[in-house]
Amino acid sequence: MPRDLSRRQLLCGAGVLAVGLPLAGQLSGCTFTEPGTGAPKGSVLDRGRRQGYLRVAVFNEPPYTKLEVDGTVTGAEPDVLRAVLQRLGIDDIRGTRIEYDAMIPSLKSGQVDVIAAGLFMKQSRCAEVAYTEPVIVSTESFAVPPGNPGNITTIGDVLDNPATKVAVLPGGFEEGILIAAKVPQSQRVIVRDNVSGVEALAAGRVDAFLLPSLSLRGMAEVNKRFDVTAPIEDAPATGSGAAFEQSQTDDVAEYNAVLDGFKQGQEFADIMQKWGFDAGAALGVTAAELCEAQG
């Protein structure tokens with residue numbers, strides 16, 4: 001990578017694809033502080049009320065996030081975020097597609113105001129951002145060749161066979177699961193997106209592709225080249241909520257106060273049902289509990 005490109009150029013240019021805005025809007029919408037100074041200070045919610053929107057890091061991975069052909073950002077997390085923000089006086093959200101391993105740096109740099117992308121909570125992430133209470137609690141599964149010839153159903157199965165290779169997204173929760181379980185690097189294969197993972201599986205370059213169960217089931221509805229295992233018994237419990245810059249503790253508290261009531265209502269249940277989630281799964285789980293996950 002050329003050394004003369006600034007981080008601003010990398011994040012605002014080829015490294016990040018903004019959606020829902022013309023090119024001029026993409027460039028003018030990139031707000032940065034000087035290198036090393038971090039995200040803009042002050043209340044992000046107040047800033048959103050003034051400008052009418054917040055900039056949101058997403059990834060095109062239904063049912064967590066989805067980018068429509070017209071640039072509209074939907075999915076379980078963005079839909080909940082939009083509804084809660086509207087109750088807080090912020091009209092809308094503008095999405096930016098960012099790779100998972102670049103989301104927190106983008107938040108810290110001030111390029112986005114919040115992450116709502118199914119960025120599952122774990123110790124390392126919770127040390128860097130301020131998460132809201134969870135809206136999604138999820139399980140993990142493997143995509144495997146039809147019939148699951150390797151009989152891969154647990155993380156233990158991967159550890160037991162050094163020849164087994166598993167595809168994961170870079171910086172994703174699933175990569176963290178394998179690292180925490182001490183799965184050797186030689187067995188972890190990085191793929192850039194879901195399509196690449198399925199292609200690697202179909203070509204025999206990997207024996208399994210590790211992703212959230214719902215993501216894989218949704219993909220399997222249109223792609224019959226793989227099977228989806230039952231939820232992995234020895235994978236840690238996980239979930240996600242919106243992630244704000246670490247200094248925004250007051251804003252997170254304000255957001256959580258509205259979110260708590262919203263999660264008790266029908267609109268939350270409708271959003272979760274639309275995207276295939278159980279609304280009740282997030283009611284008895286706290287961010288503090290989910291942040292205990294290793295990785």
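Visitor: Where is Asn 148 found?
Guide: This is a predicted model, in which local features need pLDDT of at least 70, side-chain atom pairs count only at pLDDT 80 or more, and totals for chains, interfaces and linings use all residues. Residues are numbered from 1 along each chain as its sequence is written, and side-chain values use heavy atoms, with hydrogens and water left out. Helices (H or I, at least four residues) and strands (E, at least two) are DSSP runs, numbered from the N terminus. Asn 148 sits in the loop between β9 (140–144) and α7 (155–160).

Visitor: Does Asn 148 count as buried or exposed?
Guide: Buried means under 20% relative accessible area, exposed over 50%, and partly exposed in between, with a 1.4 Å probe and protein chains only. The relative accessibility of Asn 148 is 15%, so Asn 148 counts as buried.

Visitor: And Asn 151, is that buried or exposed?
Guide: Asn 151 is also found in the loop between β9 and α7, and its phi is near 50 degrees, a positive value in a residue other than glycine. Asn 148 likewise has a positive phi near 50 degrees. Most residues other than glycine have a negative phi, and most peptide bonds are trans. The relative accessible area of Asn 151 is 55%, so Asn 151 is exposed.

Visitor: Which residues does a cis peptide bond join?
Guide: The place to look is the loop between β2 (53–58) and β3 (66–67), which holds Pro 63. With omega at about 5 degrees, the cis bond joins Pro 62 and Pro 63.

Visitor: Which residues that line the largest pocket are the closest to its centre?
Guide: On a 1 Å grid over the protein atoms alone, a pocket is an open set of points with protein on both sides within 12 Å along at least five of seven lines, a cavity is a set where a 1.4 Å probe fits but cannot get out, and lining residues have an atom within 4 Å of a point. Grid points are joined across faces, edges and corners, and a volume is the space filled by probe spheres set on the points. By that rule the largest pocket has about 310 Å³ of space. Of its 17 lining residues, the closest to the centre are Asn 60, Pro 62, Asn 194, Val 195 and Met 219.

Visitor: Which element gives the most to the lining of the largest pocket?
Guide: The lining divides into seven nonpolar, four polar and six charged residues, where Ala, Val, Leu, Ile, Met, Phe, Trp, Tyr, Cys and Pro count as nonpolar, Asp, Glu, Lys and Arg as charged, and the others, Gly among them, as polar. Two elements, α9 (194–202) and α10 (213–220), give two or more residues each. The most, four residues, comes from α9.

Visitor: How much space lies in the largest cavity?
Guide: There are three cavities of 30 Å³ or more. The lining of the largest cavity divides into nine nonpolar, two polar and three charged residues, and α8 (173–180) and β12 (208–212) each supply at least two of them. Its space comes to about 100 Å³.

Visitor: How far apart are the C-alpha atoms of Ser 240 and Pro 134?
Guide: Ser 240 lies in strand β14 (residues 238–240) and is buried, at 0% relative accessible area. Counting contacts as heavy atoms within 4.5 Å, and leaving out residues up to four places away in sequence, Ser 240 touches nine residues' worth of neighbours including Gly 118, Phe 120 and Pro 134. Ser 240 and Pro 134 are 106 residues apart along the chain, yet their C-alpha atoms are separated by 5.1 Å.

Visitor: Which residues form a disulfide?
Guide: A disulfide is a pair of cysteine sulfur atoms within 2.5 Å, and the whole structure has one. Its link is left-handed, with -75 degrees about the S-S bond. Cys 126 lies in helix α6 (residues 123–126) and Cys 291 in the segment after α13 (287–290), so the pair ties together parts 165 residues apart in sequence. With sulfur atoms 1.9 Å apart, the partners are Cys 126 and Cys 291.

Visitor: Over which residues does pLDDT stay under 50?
Guide: pLDDT is the predictor's confidence in each residue, from 0 to 100. Its mean for the protein is 87, with 86% of residues at 70 or more. The stretch under 50 is residues 1–37.
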